[in-house]
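Here are some exercises to work through with the model open in your viewer. Try each task before you read its solution.

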Amino acid sequence: MKKSNKSLAVFTLILLAVSTNAITTAAHAEADHLEKALVLKRSGNLKGALEEFEKALQKDPNDNVALIDRALMRFDSLGDRQGGFDDINQALKVNMIDAVALRTRADFKSETGDTAGALADYREALKWRPNDALSYANRGILYEQIGKNGLALSDFSRAIALSNDLTAQFNRIRLLTDKNAALASYAKLLRCKAVTPSDYLAQSNAHAYFGYKEKAIALLNLALKNDASYSVAYYNRAVLQAQLGDDKAALADYNKYIELNQNNPKAYYNRSLLREKMNDREGAMNDLKRALELEPQLKLRQANPTPFSLMLS
């Protein structure tokens, strides 16, 4: 009898172990969807990444991390701005004080010209996370765009103090009027270890700012090695390669950028000028037409048709 009870107990423990392993495996599989999505995105497989994000959100529609990450991919890499806003607004319905979601929506609003809305979201994000360096860095960029350089410098300095943010360091350099101070800050920026694609972009932009275009391209190559879907790196590399006279390489990068982001009039405008230079008149006219559809004010630029320069973030 005791032997029978012991066997039953052992059998029960085996069943429990199998059940526990099954539950753990299922939970791990769910968590893997988000990780797979991010890996696929970095490799440039955006379709696969989108499928994995969808699976993660089917399991948990209120997963804010997945919603924010998919929003960023939709907005930045796929050119699906409405999809990006839909995801980030859903994340804020789940948690209205999520500082990362608020900052991300502020970035989207800034990019689409909603300055007042962006500033309101940055302010709200910093209310709930006062030490968020990225909110200060990105708000500083917006302040500079609207001509408030004093506020921009203040935000860049705060971001640097909080996390030594590389984007903030570069943007602060551009606002320094003391050349020696700017050069010293440039040297300091280059000593920092780049971790993210935006870090490489900041160092690349600093090289370009001081005239070292080949070094700038080398850092953009590293950014794209880190994340093949990082569209701004293709755009900036195209600008630099065109400036260096490598028209074919520049055209390939504009093509890749536009494949990833189909709603930036500056990219079509720059490619139009490049195609005109390469005697592709039909392609140039088609690109100019698309640029003007997206931004009619570009017609005024035709009086002095020069390419747009580098993106700063």
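**Exercise 1: an aspartate in a loop**

Asp 227 is located in the loop between helix 12 (213-226) and helix 13. Keep in mind that you're looking at a predicted model.

Task: Decide whether Asp 227 is buried or exposed, and find which residues Asp 227 is in contact with, leaving aside neighbours within four places in sequence.

Solution. Start with accessibility: the relative value for Asp 227 is 7%. The cut-off for buried is under 20%, so Asp 227 counts as buried. Next, look for contacts, skipping the neighbours within four places in sequence: Asp 227 then touches Lys 41, Arg 42 and Pro 197.

**Exercise 2: two neighbours in another loop**

Task: Work out where Asn 164 and Asp 165 sit, then compare how accessible they are.

Solution. Place them first. Asp 165 is in the loop between helix 8 (149-163) and helix 9 (166-175), and Asn 164 is in the loop between helix 8 and helix 9 too.

Now check accessibility. Asp 165 comes out at 11% relative accessibility, so it counts as buried. Asn 164 has a relative accessible area of 28%, and is therefore partly exposed.

Then look at what Asp 165 touches. Leaving out residues up to four places away in sequence, the list is Leu 134, Ala 137, Ala 159 and Ile 160. For a sense of scale, measure to Pro 296: its C-alpha atom is 36 Å from that of Asp 165, with the two positions 131 residues apart along the chain.

Finally, check the backbone. Most residues other than glycine have a negative phi. Asn 164 isn't a glycine, yet its phi is positive, at about 60°. Asn 279 is another non-glycine with a positive phi, of about 65°. Asn 279 sits in the loop between helix 15 and helix 16 (281-294), and with a relative accessible area of 61% it is exposed.

**Exercise 3: rings that meet**

Task: How many aromatic pairs does a search of the whole structure find? Take the pair Phe 85 and Phe 108 and describe its geometry.

Solution. The search turns up nine aromatic pairs. In the pair of Phe 85 and Phe 108, the ring centres are 5.6 Å apart and the planes make an angle of 80°, which is edge-to-face. The pair links distant parts of the chain: Phe 85 belongs to helix 4 (residues 81-94) and Phe 108 to helix 5 (residues 99-111), 23 residues apart. As for burial, Phe 85 has 16% relative accessibility, so it counts as buried, and Phe 108 is buried with a relative accessible area of 2%.

Now try Tyr 235 and Tyr 257. Their ring centres are 5.4 Å apart and their planes are at 65°, so this pair is edge-to-face. Tyr 235 is in helix 13 (residues 231-243) and Tyr 257 in helix 14 (residues 247-260), so the pair ties together parts 22 residues apart in sequence. Both tyrosines, Tyr 235 and Tyr 257, are buried.

There's also a cluster to find: Phe 170, Tyr 186, Tyr 209 and Phe 210 form one aromatic cluster.

**Exercise 4: charges over rings**

Task: Which ring does the charged end of Lys 215 sit over, and which ring goes with Arg 301?

Solution. For Lys 215, look at Tyr 212: the charged end sits over that ring, 5.0 Å from its centre. For Arg 301, the ring is that of Phe 308, and the charged end is 3.7 Å from the ring centre.

**Exercise 5: the second largest pocket**

Task: Find which helix gives the largest share of the lining of the second largest pocket, and sort the lining by class.

Solution. Begin with the volume: the second largest pocket holds about 160 Å³ of space. Its lining includes Val 239, Tyr 254, Asn 270, Lys 277 and Phe 308. Helix 13, helix 14 and helix 15 (265-277) each supply at least two lining residues, and helix 15 gives the largest share, with four. By class, the lining has seven nonpolar, three polar and two charged residues.

**Exercise 6: the whole fold**

Task: Step back and describe the protein's secondary structure and the box its C-alpha atoms fill.

Solution. Count the elements: there are 16 helices and zero strands. Along the principal axes, the C-alpha atoms fill a box of roughly 100 × 45 × 35 Å. Of the 313 residues, 45% count as buried.

Notes
Residues are numbered from 1 along each chain as its sequence is written. This is a predicted model: local features need pLDDT of at least 70, side-chain atom pairs count only at pLDDT 80 or more; totals for chains, interfaces and linings use all residues. Side-chain values use heavy atoms; hydrogens and water are left out. Rings of Phe, Tyr and Trp (its six-membered ring) pair if their centres lie within 6.5 Å; planes under 30 degrees apart count as stacked, over 60 as edge-to-face and the rest as tilted. Buried means under 20% relative accessible area, exposed over 50%, partly exposed in between (1.4 Å probe, protein chains only). A charge sits over a ring if NZ of Lys or CZ of Arg is within 6 Å of the ring centre and within 35 degrees of the ring normal. Contact means heavy atoms within 4.5 Å. On a 1 Å grid over the protein atoms alone, a cavity is a set of points where a 1.4 Å probe fits but cannot get out, and a pocket is an open set with protein on both sides within 12 Å along at least five of seven lines; lining residues have an atom within 4 Å of a point. Grid points are joined across faces, edges and corners, and a volume is the space filled by probe spheres set on the points. Ala, Val, Leu, Ile, Met, Phe, Trp, Tyr, Cys and Pro count as nonpolar, Asp, Glu, Lys and Arg as charged, and the others, Gly among them, as polar.
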